[in-house]
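Here are some short exercises to work through with the model open beside you. Try each task before reading its solution.

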Amino acid sequence: LEGKESIYERLLEEPLRFARTENMSVELLVLETESETQSVATEMGFDRVGSGPRFEGEPTVRYRADDL
């Protein structure tokens with residue numbers, strides 16, 4: 001996610017809505033350095049599930065939303 005933190009929720013709403021409709025889970029990778037994005041993910045129901053792959057050399061954190 002890029003942009004102002006205030007729009008993160010709006011950007012995540014559609015994938016979450018789609019996943020609910022299709023009975024699917026959603027995964028989100030967040031750079032370890034992006035604490036604001038991690039906070040929004042947690043607030044929106046994502047659980048931190050471990051480390052993700054490196055993105056352009058930077059470590060990421062994997063979040064997942066199940067049982068939507």
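**Exercise 1.** Find the residues that Gln38 touches, leaving aside its neighbours within four places in sequence.

*Solution.* Keep in mind that this is a predicted model. Beyond those sequence neighbours, Gln38 is in contact with Val30, Leu31, Glu32, Arg48, Val61 and Tyr63. Next, place the residue: Gln38 sits in helix H2, which spans residues 35–43. Finally, look for a polar partner: a polar atom of the Gln38 side chain lies 3.3 Å from the backbone oxygen of Leu31.

**Exercise 2.** Decide whether Gln38 is buried or exposed, then do likewise for Glu5.

*Solution.* Start with the cut-offs: buried means under 20% relative accessible area, and exposed means over 50%. Gln38 has a relative accessible area of 12%, so Gln38 is buried. Glu5 has 43%, and therefore counts as partly exposed.

**Exercise 3.** Work out which residues Glu5 meets, apart from those within four places in sequence.

*Solution.* First locate Glu5, in the segment before helix H1 (8–22). Its contacts beyond the sequence neighbours are Glu36 and Val40. Now check the backbone: Glu5 and Thr37 are 32 residues apart along the chain, yet their C-alpha atoms are separated by 7.2 Å.

**Exercise 4.** Judge whether the radius of gyration of the protein chain agrees with that of a compact globule.

*Solution.* Begin with the elements, which run α-β-α-β-β from the N terminus on. For 68 residues, a compact globule would have a radius of gyration near 11 Å; the protein chain has 12 Å, so the two agree. To finish, 25% of the 68 residues count as buried.

Key:
Residues are numbered from 1 along each chain as its sequence is written. This is a predicted model: local features need pLDDT of at least 70, side-chain atom pairs count only at pLDDT 80 or more; totals for chains, interfaces and linings use all residues. Side-chain values use heavy atoms; hydrogens and water are left out. Helices (H or I, at least four residues) and strands (E, at least two) are DSSP runs, numbered from the N terminus. Buried means under 20% relative accessible area, exposed over 50%, partly exposed in between (1.4 Å probe, protein chains only). Contact means heavy atoms within 4.5 Å. A polar contact is a pair of N or O atoms within 3.5 Å; within protein, one must be able to donate a hydrogen and the other to accept it, and residues adjacent in sequence count only if both atoms are side-chain atoms. The radius of gyration is taken over C-alpha atoms; the globule rule is 2.2 Å times the number of residues to the power 0.38.
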